[in-house]
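You asked for a colleague's reading of this model before you take it further. My comments are set out as numbered points, to be read beside the coordinates.

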Amino acid sequence: MGWNKTTAGASILAVLSMMATTVAAETAVEKPRDAVVPAAKGIPLELALEATQASIEACGRKEGKIGVSIIDSAGVLKVLLAADGTSPRGVSSSTDKARTALAFGVATSKLHEQVETDKSLAEKVAGNPGYNSRPGGVLIQSGDQLLGAIGVGGAKIDEECALAGLEKIQSRL
C-alpha cells in the first residue's frame, strides 16, 4: 500500500490531534501558582479619587476643563478623571505628565526648565512620545517614600491644579 495525499493528510491530522491532546492534558494538570507579585507602592484609591476631584474643582473655579491622572510608584495608572468637556489632549497629557515626573523623579515644571538648557536631557524627553515635560506633573511622596505622581493636563495652570489635589490629601499619606 503506497502513500497518497489522503493517507498523508490523515496521518498528519492524527499526529496533530495527539499533540493537542498531550498539550491539553499537561495544561489541565494542577501546577503550582507563581508567587504573587506585591502591588507597587501607591496611595489608596479613596485618596487618589479625592485628589483628582480636588484638582478638577480647583481648576474649574479658575480656568476650566482638565484631565487628572494618578499613577502608583511603578507607573501604573490608578485613577484618571476628566472634567466634562475636557479635550482629548488634556486627558492624555495628564497621564504623560504624571509618568514623566515619575520617570525623572522631579516635578515636570522643574524638568521643563532643565530641558531648556540641557540638550541631552531635551533629546531624551523628546525621544519618548509618552513624556511631557510641560508643567502639571508632580510627585506624590510621604516623607522620603515615593508613592507615585499626579498629572494635570488641559489648562494653563496645570501644576497649580495638581498641587491643589495633592494638598487635599497630603496630611493623610
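The points below go from the overall fold to the covalent link, the charged pairs and one helix.

1. Please keep in mind throughout that this is a predicted model. The protein contains six helices and four strands, and, when the chain is read along its sequence, these elements follow the order α-α-β-β-α-α-α-β-β-α.

2. Of the 173 residues in the protein, 36% are buried. The exposed surface comes to about 10,600 Å², of which carbon and sulfur atoms supply 56%. If one takes the contacts between residues at least 6 apart in sequence, 65% of them join residues at least 24 apart.

3. A search of the whole structure returns one disulfide, and this bond joins C59 to C161 with an S to S distance of 1.8 Å. Because C59 belongs to helix α2 and C161 to helix α6, the bond ties together parts of the chain that are 102 residues apart in sequence. The two cysteines, C59 and C161, are both buried. As for its geometry, the torsion about the S-S bond of C59 and C161 is about 85°, and the disulfide is therefore right-handed.

4. Three salt bridges are found in the structure, and it is useful to take them one by one. The side chains of K62 and E160 form one of them, at 2.3 Å from N to O. Since K62 lies in helix α2 and E160 in helix α6, this pair ties together parts that are 98 residues apart in sequence. With regard to solvent, K62 is exposed, its relative accessible area being 57%, whereas E160 is partly exposed, with a relative accessible area of 39%. Helices α2 and α6 are thus the elements that hold the K62 and E160 pair, and they also hold the cysteines C59 and C161.

5. A further salt bridge is formed by K97 and D158, whose closest N and O atoms are 2.6 Å apart. This pair links distant parts of the chain, with K97 in helix α3 (residues 88–104) and D158 in helix α6, 61 residues apart. Are these two residues, K97 and D158, buried or exposed? Both K97 and D158 are buried.

6. E50 also takes part in a salt bridge, here with R172, and the closest N and O atoms of this pair are 2.5 Å apart. The two residues come from distant parts of the chain: E50 sits in helix α2 (residues 45–62), while R172 sits in the segment after α6 (158–169), and they are 122 residues apart. R172 is partly exposed, with a relative accessible area of 42%.

7. Helix α4 (residues 108–117) deserves a separate comment, as its two sides can be described in turn. The residues T108, S109, L111 and V115 of this helix are buried, and, because they cover an arc of only 160° around the axis, they are placed on the same side of α4. On the other side of α4, E113, E116 and T117 are exposed. Which elements cover the buried residues of α4? The cover includes helices α3, α5 (119–126) and α6, together with strand β3 (137–142).

8. Taking the points on helix α6 together, C161 of the disulfide lies in α6, as do E160, the partner of K62, and D158, the partner of K97; α6 is also among the elements that cover the buried residues of α4.

Methods:
Residues numbered from 1 in each chain as written. Predicted model: local features only at pLDDT ≥ 70, side-chain atom pairs only at ≥ 80, totals over all residues. Heavy atoms only, no water. Salt bridge = Lys/Arg side-chain N within 4 Å of Asp/Glu carboxyl O. Buried < 20%, exposed > 50% of the residue type's maximum accessible area, 1.4 Å probe, protein only. Contact = heavy atoms within 4.5 Å. Areas by Shrake-Rupley, 256 points an atom, 1.4 Å probe, with all protein chains shown as cover. Arc of directions from axis to C-beta. Disulfide = S-S within 2.5 Å.
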